[in-house]
Amino acid sequence: MAETVAAVIPPAARRLAARFWPGPLTLVLPARERLPAPLTAGSGTIGVRVPGHPLAAALVAGLGRPVTAPSANPPGRGPAKRIDEARVYFGDGVSVYLDGGELPGGASTVAAVEEGGVRVLRPGPVSDEALSRALEGH
């Protein structure tokens with residue numbers, strides 16, 4: 001499904017995806033042309049991730065296409081770990097909430113795959129060292 005939104009998935013990105021997906025790693029890749037502007041924020045890139053949570057995975061599988069969504073938190077706030085926290089953040093601005101129980105961890109690691117390797121844009125559960133080891137084949 002990543003190929004439906006990414007213009008190219010470099011070998012390094014494929015190696016990282018094979019090692020860390022499903023899970024808390026978002027890869028920033030060149031976006032396909034003609035994606036809606038809100039998905040790329042005018043950057044020419046798009047973040048892709050395969051969720052590790054069974055409810056999120058079932059939603060994507062059931063739809064048969066990628067789900068585009070922002071993080072479950074307003075800027076500067078921690079991610080919602082329970083549905084009641086998400087409702088406090090977003091209220092009636094969100095039409096449907098799915099209750100997947102209390103979520104572990106925090107926000108995903110966000111990494112841009114570039115010619116020279118990988119650059120972490122937002123630290124998270126997947127460390128720089130783990131990314132480097134995966135690219136080196138360890």
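**Group meeting: a sheet, two helices and a few oddities**

Okay, let's start with one pair of residues: Leu27 has Val48, over in β2, as its bridge partner. Before I go on, remember that this is a predicted model.

So where does that pair belong? Strand β1, residues 25–30, runs antiparallel to β2, and 4 bridges join the two. Now zoom out to the whole sheet. It is an open one with 4 strands, ordered β2-β1-β3-β4, and the pairing is mixed. Which strands stand at the edges? Those are β2, residues 45–48, and β4, residues 117–122. Each has a single partner strand, so one side of each has no neighbour in the sheet. If you rotate the model, you can look for the twist, which averages 30° from one strand to the next.

Next, the helices that sit on this sheet. Helix α1 packs on it and touches β1, β3 (that's 109–114) and β4. The direction of α1 makes about 160° with that of β1. Helix α5 packs on the sheet too, touching β1, β3 and β4, and its direction makes about 160° with that of β4.

What about the two helices with each other? Helix α1 covers residues 11–20 and α5 covers residues 128–136; they pack at an angle of about 115°, and their axes are 9 Å apart. That angle makes α1 roughly perpendicular to α5. The crossing is right-handed. Who actually meets whom? From α1 we have Ala12, Arg15, Leu16, Arg19 and Phe20, and from α5 we have Ala130, Leu131, Ala134 and Leu135. Sort the residues of that contact by type and you get 7 nonpolar, 2 charged and no polar.

On to charges. How many salt bridges does a search of the whole structure find? The count is 4. One to click on is Glu3 with Arg14, where the closest N and O atoms are 2.8 Å apart. This pair links distant parts of the chain: Glu3 is in the segment before α1, Arg14 is in helix α1, and they are 11 residues apart.

Last bit: the backbone oddities. Here's the background: most peptide bonds are trans, and most residues other than glycine have a negative phi. Now look at the step from Trp21 to Pro22, where the peptide bond is cis, with omega near -10°. You'll find Pro22 in the loop between α1 and β1. Then there's Arg34, which isn't a glycine and yet has a positive phi of about 70°. Arg34 is in a loop as well, the one between β1 and α2, with α2 being 37–40.

That's my tour, so over to you.

Definitions and conventions: Residues are numbered from 1 along each chain as its sequence is written. This is a predicted model: local features need pLDDT of at least 70, side-chain atom pairs count only at pLDDT 80 or more; totals for chains, interfaces and linings use all residues. Side-chain values use heavy atoms; hydrogens and water are left out. Axes are lines fitted to C-alpha atoms, for helices over the stretch in contact, and angles run from 0 to 180 degrees between N-to-C directions. Angles under 35 degrees count as roughly parallel, over 145 as roughly antiparallel, 65 to 115 as roughly perpendicular and the rest as oblique. A crossing is left-handed if the near helix is turned anticlockwise from the far one by less than a right angle, and right-handed if clockwise. Contact means heavy atoms within 4.5 Å. Ala, Val, Leu, Ile, Met, Phe, Trp, Tyr, Cys and Pro count as nonpolar, Asp, Glu, Lys and Arg as charged, and the others, Gly among them, as polar. Two strands pair if DSSP finds at least two bridges between them. A salt bridge is a side-chain nitrogen of Lys or Arg within 4 Å of a carboxyl oxygen of Asp or Glu.
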